[in-house]
Amino acid sequence: MTHPAFLPFTRPMIDEQTIDEVAQVLRSGWITTGPKCLALEAALSERWGGRPVRLVNSGTASLELGLRLCDIGPGDEVITTPLSWVATANVVIAVGATPVFVDIDPVTRNIDLDALEAAITPRTRALIPVDLAGLPVDRDRLYAIARKHQLRVVEDAAQSFGSNWRGDAIGAIGDLVSFSFHANKNLTTSEGGCLVLNNADEARAFERLRLQGVVRHPDGGMDVEAWGSKANMTDVAAAIGLGQLRKIEAFNQHRRSLAAAYFDQWDRSLDFDLPERDEAEHGNWHMFQPLLPRRMIGRRGAFIEAMKAQGFGVGVHYPAMHLFSAFRAKGFNEGDFPVAEDVGARTVTLPLFAGMGADDVGRVCRAVSAVMHSLDSGEARA
Ligand SMILES: *Cc1c(COP(=O)(O)O)cnc(C)c1O
């Protein structure tokens with residue numbers, strides 16, 4: 001029997017047609033921002049009900065420039081979740097504002113909206129909700145709170161491309177919506193991101209923030225009225241995105257069927273806490289993340305190593321970020337957000353990506369069972 005190749009927890013799916021189209025861009029003589037970026041912006045705008053969409057070179061840039069667009073800076077507080085990729089809070093620090101964390105809901109693992117409302121102060125200016133693993137934050141409740149307290153929202157939808165809230169696509173609704181096209185996301189441009197905006201004025205202001213503050217004059221001259229970053233996307237990257245866009249519905253449908261297979265084949269006697277089942281199909285199954293049994297706290301590394309030895313990649317997304325040194329230095333401590341800490345200490349990301357075969361889920365489930373039995377019996381012997 002041949003041994004199956006190592007199965008990583010995720011892998012981008014770039015087809016040959018897309019590779020050819022990237023090669024055409026490289027041969028064209030125009031490799032930075034150009035017609036492919038415009039085409040991708042137009043396609044995304046059409047997808048999201050005609051709202052303006054502007055590409056940037058990362059999801060981090062779209063979040064940071066989104067905050068700057070809302071004029072958020074020193075003295076302002078921005079409320080977000082401690083259970084996300086650290087970019088979510090780093091951008092708040094980058095603009096000179098103060099990140100305020102509130103704990104998560106143990107079921108959805110997204111920000112707890114009751115705790116969020118309780119954390120609002122006169123200094124609160126914006127909210128950054130995160131759709132962890134692509135499962136959307138409740139948009140009805142979120143925007144009821146934002147309207148009541150007159151707060152801007154910069155949605156961190158890095159993980160929720162193709163997700164929906166009660167049938168409306170994430171991106172088509174809400175205030176500013178930020179996506180990432182990092183290699184691990186459901187739709188990739190290798191690196192990249194975009195911001196969905198409310199109107200043409202915002203889009204123009206965002207274009208300036210994206211590229212050195214430059215305003216072009218019809219006579220060939222230019223002006224710079226205010227600071228701008230350097231965050232434009234290249235046509236090389238946009239060509240990848242256009243190729244991905246042809247497949248994204250199929251990718252996400254396949255992810256949903258793989259998640260369903262995990263729920264069907266998972267050994268419930270192992271005492272993991274499975275993610276929310278998402279019966280309403282709001283999510284895009286960006287990741288499949290069971291929580292290790294509590295008896296495994298502190299031994300996640302052993303689980304990951306043992307899975308690797310069996311041929312399976314396991315990720316961790318994410319440890320609660322308020323416990324990182326840079327955030328502890330700002331006064332955050334253990335015990336501040338117990339639910340996020342518990343989830344962050346036990347979460348493991350198992351293989352789930354559009355290129356997986358139907359039998360791969362069964363193989364992962366059997367490996368998890370074998371690894372847990374061996375770790376538990378090792379524990380018993382010790
Ligand atoms: C990936 C990600 C980001 C950052 O996106 P980049 O494109 O890597 O800059 C931000 N927030 C979340 C939740 C992410 O998953």
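## Exercises on a predicted model

In this predicted model, an open sheet of seven strands runs in the order 1-9-8-5-4-2-3, with mixed pairing.

**Exercise 1.** Work out which strands stand at the edges of the sheet, and what that leaves each of them without.

*Solution.*
- Start with the two ends of the order 1-9-8-5-4-2-3.
- Those ends are strand 1 (53-56) and strand 3 (98-101), and each has a single partner strand, so one side of each lacks a neighbour in the sheet.
- For the overall geometry, add the twist: it averages 25 degrees from one strand to the next.

**Exercise 2.** Find how strand 4 and strand 5 run, parallel or antiparallel, and which helix packs on the sheet touching them both.

*Solution.*
- Strand 4 (residues 124-128) and strand 5 (residues 152-156) run parallel, joined by two bridges.
- Pick A126 and look across to strand 5: its bridge partner there is R152.
- Now look at what covers this part. Helix 6 (residues 139-148) packs on the sheet and touches strand 4 and strand 5, and its direction makes about 150 degrees with that of strand 5.

**Exercise 3.** Decide whether T88 is buried or exposed, then list the polar contacts of its side chain.

*Solution.*
- Locate T88 first: it belongs to helix 4 (residues 87-94).
- Its relative accessible area is 1%. Buried means under 20%, so T88 is buried.
- Next, the side chain. It makes a polar contact with the side chain of S84 at 2.7 Å, and another with the side chain of D156 at 2.8 Å.
- Finally, skip neighbours within four places in sequence, and T88 is in contact with L63, T80, I128, V130, D156 and M321.

**Exercise 4.** Take D271 and W285, two residues with positive phi. Where does each sit, and is each buried, partly exposed or exposed?

*Solution.*
- Why bother checking the sign? Because most residues other than glycine have a negative phi.
- The phi of D271 is near 70 degrees, and that of W285 is near 45 degrees.
- D271 lies in the loop between helix 8 (235-265) and helix 9, and W285 is also in the loop between helix 8 and helix 9.
- With a relative accessible area of 48%, D271 is partly exposed. W285 comes in at 10%, so W285 counts as buried.

**Exercise 5.** Classify the peptide bond from H317 to Y318 as cis or trans.

*Solution.*
- Check omega: it is near 15 degrees, and the bond is cis.
- For context, most peptide bonds are trans.
- As for location, Y318 is in the loop between helix 9 (300-309) and helix 10 (325-328).

Technical notes: Residues are numbered from 1 along each chain as its sequence is written. This is a predicted model: local features need pLDDT of at least 70, side-chain atom pairs count only at pLDDT 80 or more; totals for chains, interfaces and linings use all residues. Side-chain values use heavy atoms; hydrogens and water are left out. Helices (H or I, at least four residues) and strands (E, at least two) are DSSP runs, numbered from the N terminus. Buried means under 20% relative accessible area, exposed over 50%, partly exposed in between (1.4 Å probe, protein chains only). Two strands pair if DSSP finds at least two bridges between them. Axes are lines fitted to C-alpha atoms, for helices over the stretch in contact, and angles run from 0 to 180 degrees between N-to-C directions. Contact means heavy atoms within 4.5 Å. A polar contact is a pair of N or O atoms within 3.5 Å; within protein, one must be able to donate a hydrogen and the other to accept it, and residues adjacent in sequence count only if both atoms are side-chain atoms.
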